[in-house]
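Here is a protein chain to explore together. Keep the model open while you read, and click on each residue as it comes up.

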Amino acid sequence: MGQEKVAVVILNWNGRQMLHDFLPSVIAYSELSGENGKVGIYVADNGSTDDSLLLLEKSFPMVHAIPLEQNYGFAEGYNKALAQIDAEYVVLLNSDVEVSLGWLEPLVQCMDNDSRVAACQPKLLSWNRKDEFEYAGAAGGFIDRYGYPFCRGRIFNTIELDFGQYDTDVSLLWATGACLMIRLSVYERVGGLDARFFAHMEEIDLCWRLRLRGYDVRCVSSSKVYHVGGATLNAGHPRKTFLNFRNNLLMLYKNLPSGELCKVLFARFLLDYIAVSQFLLKGEWGNAKAVFQARCAYHRLKKEYRSIREENIRNAVSVNIPERCRFSILWQYHVRGKRLYNDLSIAHVADRDVASL
């Protein structure tokens with residue numbers, strides 16, 4: 001059949017209704033003009049027990065199904081699916097994303113025009129409120145010195161309206177896993193998503209590894225998609241709290257420069273137990289317990305990650321990544337009252353036309 005230019009890969013688990021609702025836009029609008037090449041659309045099914053596969057067979061025969069025997073989670077589910085695909089670029093696309101006309105072409109052009117770019121994302125907007133950014137990635141992601149992620153258009157739970165303030169293509173620390181285009185060869189070279197993460201933070205970890213190895217990650221603002229969000233676990237679910245805290249600590253251990261590792265992890269020890277206290281004050285006992293369990297799980301797994309950390313540092317071209325900010329976003333947000341990305345000092349450095357790089 002030959003290599004495809006782009007494979008759009010949707011990971012599904014018991015998401016029949018979302019496939020029914022959102023696959024039509026992916027099928028209708030995932031085209032490339034001229035000689036840009038073929039686009040394949042795939043649904044990797046993570047051992048669903050509903051009739052997702054039957055829906056694909058009956059209603060969407062043009063979509064390629066990749067049935068997996070069990071629910072491997074986001075990370076390993078994609079690793080197993082992408083091992084069965086032959087394409088130059090792959091798009092990891094959530095099943096609750098509606099794409100728009102012409103969404104794919106700018107992403108491909110970004111990758112074609114600069115071999116340094118290993119991954120990119122579109123502007124991620126809310127499906128429920130089309131004029132508002134969506135929490136899971138907005139207009140591109142950064143992290144602060146202690147590993148807390150934030151985005152152009154979203155800091156913690158402050159989500160901005162989109163009035164064109166981030167209509168520039170910029171370099172990022174991380175691109176959203178809700179809609180992530182990546183070179184398949186590079187994905188394989190750096191080891192793909194970390195399967196032990198299962199879900200949450202895995203795309204940040206992957207992109208950090210890319211950046212350490214000298215690749216660029218970008219937001220392409222002329223591409224827009226609309227994300228429902230929160231389709232698997234709601235924001236206050238203890239399981240989500242556990243995965244976010246555990247995986248964030250593992251990510252820091254894997255990727256931090258040696259000179260910062262001890263200082264940052266000590267600060268996180270203090271900050272995590274402040275978070276426990278806040279959960280307790282709000283009566284969220286499950287979330288407080290989840291943070292404690294996450295830290296215990298991190299310490300159990302840490303020794304297994306030692307060789308991975310050594311490999312990441314050994315292969316690093318530079319550990320000084322501008323999009324990993326030197327300030328604390330907690331301090332900026334809660335103490336200094338800086339609720340918008342453009343209020344942060346990084347905006348003057350990072351939010352510039354990448355053509356000038």
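How many salt bridges does the count come to? The count comes to 19 salt bridges. Bear in mind that this is a predicted model.

## Pairs of opposite charge

A bit of background helps here. Side chains of opposite charge can pair when their charged atoms come close.

Let's start with K5, which forms a salt bridge with E88; their closest N and O atoms are 2.9 Å apart. K5 sits in strand β1 (residues 4-12) and E88 in strand β4 (residues 87-93), so this pair ties together parts that are 83 residues apart in sequence. K5 is buried, because its relative accessible area is 14%, under the 20% cut-off. E88 has a relative accessible area of 29%, so E88 counts as partly exposed.

Now find R211 and E323. They form a salt bridge too, with the closest N and O atoms 2.3 Å apart. This pair also links distant parts of the chain: R211 belongs to helix α6 (residues 202-212), while E323 is in the loop between α10 (306-314) and α11, and their positions lie 112 residues apart in sequence. Are R211 and E323 buried or exposed? Both R211 and E323 are buried.

## A little network

Next, look at D216 and R218. Their side chains meet in a salt bridge, at 2.8 Å from N to O. D216 is buried, and R218 is buried as well. This pair has company: through salt bridges that share partners, D114, R116, D216 and R218 are joined into one network.

## A buried charge without a partner

K338 tells another story. You'll find K338 in the loop between α11 (329-335) and α12 (346-350). Which side chain of opposite charge is nearest to K338? That is D343, at 6.1 Å, and K338 has no salt bridge even though K338 is buried. A salt bridge needs the nitrogen and oxygen within 4 Å, so D343 at 6.1 Å doesn't make the cut. If you leave aside neighbours within four places in sequence, K338 is in contact with I155, Q332, Y333, D343 and L344.

## The nonpolar inside

Time for some more background. In soluble globular proteins, nonpolar side chains tend to be buried together.

In this model, the largest nonpolar core has 86 residues, and the members touching the most other members are Y78, L82, V90, F150, W208 and L210. Which helix gives the most to this core? Helix α7 (residues 238-255) does, with eight residues. Zoom in on W208 to see what surrounds it: not counting residues up to four places away in sequence, W208 touches I143, L173, M251, L252, N255, L256, I321 and R324. Apart from this core lies another one, of 32 residues, including I41, V91, L104 and V220.

## Two faces of helix α8

Some nonpolar side chains show up on the outside. F266, F269 and L270 make a nonpolar surface patch of about 310 Å². L270 lies in helix α8 (residues 258-281). L270 counts as partly exposed because its relative accessibility is 42%.

R268 is found in helix α8 as well. Is R268 buried or exposed? With 2% relative accessibility, R268 counts as buried. Neighbours within four places in sequence aside, R268 is in contact with Y146, Y148, F245, N248, L249, L252 and R295.

## Two loop residues to compare

F60 is placed in the loop between α2 (52-59) and β3 (64-68). F60 counts as buried because its relative accessibility is 9%. F60 and L19 are 41 residues apart in sequence, and their C-alpha atoms are 9.6 Å apart in space. Setting aside neighbours within four places in sequence, F60 is in contact with L19, H20, L23, P24, I27 and L55.

E31 is in the loop between α1 (16-29) and β2 (39-46). At 56% relative accessibility, E31 counts as exposed. What does E31 touch, not counting residues up to four places away in sequence? E31 touches L104 and E105. E31 and E105 are 74 residues apart in sequence, with 7.6 Å from C-alpha to C-alpha.

Notes:
Residues are numbered from 1 along each chain as its sequence is written. This is a predicted model: local features need pLDDT of at least 70, side-chain atom pairs count only at pLDDT 80 or more; totals for chains, interfaces and linings use all residues. Side-chain values use heavy atoms; hydrogens and water are left out. A nonpolar core is a set of buried Ala, Val, Leu, Ile, Met, Phe, Trp, Tyr and Cys residues joined through side-chain atoms within 4.5 Å. Buried means under 20% relative accessible area, exposed over 50%, partly exposed in between (1.4 Å probe, protein chains only). Helices (H or I, at least four residues) and strands (E, at least two) are DSSP runs, numbered from the N terminus. Contact means heavy atoms within 4.5 Å. Patches are made of residues with over 30% relative accessible area and no salt bridge: like charges are joined within 9 Å, nonpolar side chains (Val, Leu, Ile, Met, Phe, Trp, Tyr) within 5 Å. Accessible areas come from the Shrake-Rupley method with a 1.4 Å probe; for residues, only the protein chains shown count as cover. Lys and Arg count as positive and Asp and Glu as negative; His and the chain ends are not counted.
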